[in-house]
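Work through the exercises below with the structure open. Each task is followed by its solution.

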Amino acid sequence: ACRAARGTCRAAGVESVKVTFTVPRNVEYGQEVRLVGSQCGWLIENSQPMEWSDGDVWTADLQVPAGTELQYKYVVSKGTQALHWMSGANFAVQVPEDLHGELHVSDHWGDSESREVTAVNGTITDVEVEAPAAGGAEAALQELALGEGDAADVAEPAAPAAEHSNGTATIGLASEGADYMKKTVKELKELLKARGLVVSGRKAELVARLQESDSA
């Protein structure tokens, strides 16, 4: 299983490295922050709940296979119900093959420019932070049938449209349909209103209406 126990997210039979993630985030009472990533199939029910500490800093320890890249996002949730996904591109961290210590990843919600990755008790002193790449998280929210007034501020994960050249992640161009799926219900309605189209309906209907308008 992906979550064998609290604080783990393992790939069986592969040497792993302990990676500690921290991110500041203020949430409402009864809510929590979870770490959802490619290693757990972008499924929130398999995601890692984070521990709260003073200053509204959330922390989670994962066991990540050495030599792999982990793509991930933070999600505000209530149990396994996603309330608000971190907007923008997926975060990514490359776990070195020759690291015999631990990695500490200090993130800021939605801001990949100010994140820090450091090695602790290991042989590597400089750890290269990978550029955030688009990943397969989009399907995590496409399953939700959002109504006209439901969760208008929920931000979709990035569309899976990445290309790799010489080990560097390059974000490719997603289709217009995928771009629409990344927008919130409120944003979709604003686009429809600007085109003089009907703004009522579920999210899937709003997207289809925009796509029909594009092809007309």
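**Exercise 1. The open sheet**

Give the strand order of the open sheet of five strands, and name its edge strands.

*Solution.* This is a predicted model. Start with the order: β4-β5-β1-β9-β10. The pairing is mixed. Next, look for strands that pair on one side only: these are β4 and β10 (111-120), the edge strands. Finally, take the twist, which averages 25° from one strand to the next.

**Exercise 2. One strand pair**

In what sense do β9 and β10 pair, and over how many bridges? Which residue of β10 is the bridge partner of S106?

*Solution.* Strands of a sheet can pair in a parallel or an antiparallel sense, through backbone hydrogen bonds. For β9 and β10 the sense is antiparallel. Six bridges join the two strands. Now take S106: its bridge partner in β10 is E116.

**Exercise 3. The nonpolar cores**

Find the residues that touch the most other members of the largest nonpolar core, then trace the elements that give two or more residues to this core.

*Solution.* The largest nonpolar core has 25 residues. Touching the most other members are V19, F21, V33, M50, Y72, Y74 and V93. Two or more residues each come from β1 (16-24), β2 (32-37), β5 (57-65), β6 (69-78), β8 (91-94) and β9 (102-108). Apart from this core lies another, of eight residues, including Y180, L206, V207 and L210.

Now zoom in on V33. Leave out residues up to four places away in sequence. V33 then touches V23, R25, V27, Q48, P49, M50, W58, Y74, V75 and W109.

**Exercise 4. The whole chain**

Describe the chain by its secondary structure, burial, contacts and exposed area.

*Solution.* Count elements: four helices and twelve strands. Check burial: 40% of the 216 residues are buried. Then take contacts between residues at least 6 apart in sequence: 61% of them join residues at least 24 apart. Last, the surface: the chain exposes about 11,100 Å², and carbon and sulfur atoms supply 47% of it.

**Exercise 5. Confidence**

Where is confidence lowest, and where is it highest?

*Solution.* Begin with the chain average, a pLDDT of 74. Of the residues, 67% score at least 70. Confidence is lowest in strand β12 (residues 168-171), at a mean of 31. The highest is in strand β4 (residues 51-53), at 96. Over residues 4-12 the pLDDT is below 50, yet this stretch has 24 contacts beyond near neighbours in sequence. Residues 138-176 also stay under 50, with 85 contacts beyond four places in sequence. Where pLDDT is low, the predicted coordinates should not be read in detail.

Methods. Residues numbered from 1 in each chain as written. Predicted model: local features only at pLDDT ≥ 70, side-chain atom pairs only at ≥ 80, totals over all residues. Heavy atoms only, no water. pLDDT = per-residue confidence, 0-100. Contact = heavy atoms within 4.5 Å. Buried < 20%, exposed > 50% of the residue type's maximum accessible area, 1.4 Å probe, protein only. Areas by Shrake-Rupley, 256 points an atom, 1.4 Å probe, with all protein chains shown as cover. Core = buried A, V, L, I, M, F, W, Y, C linked by side-chain atoms within 4.5 Å. Pairing = 2+ DSSP bridges. Axes fitted to C-alpha atoms, helices over the stretch in contact; angles between N-to-C directions.
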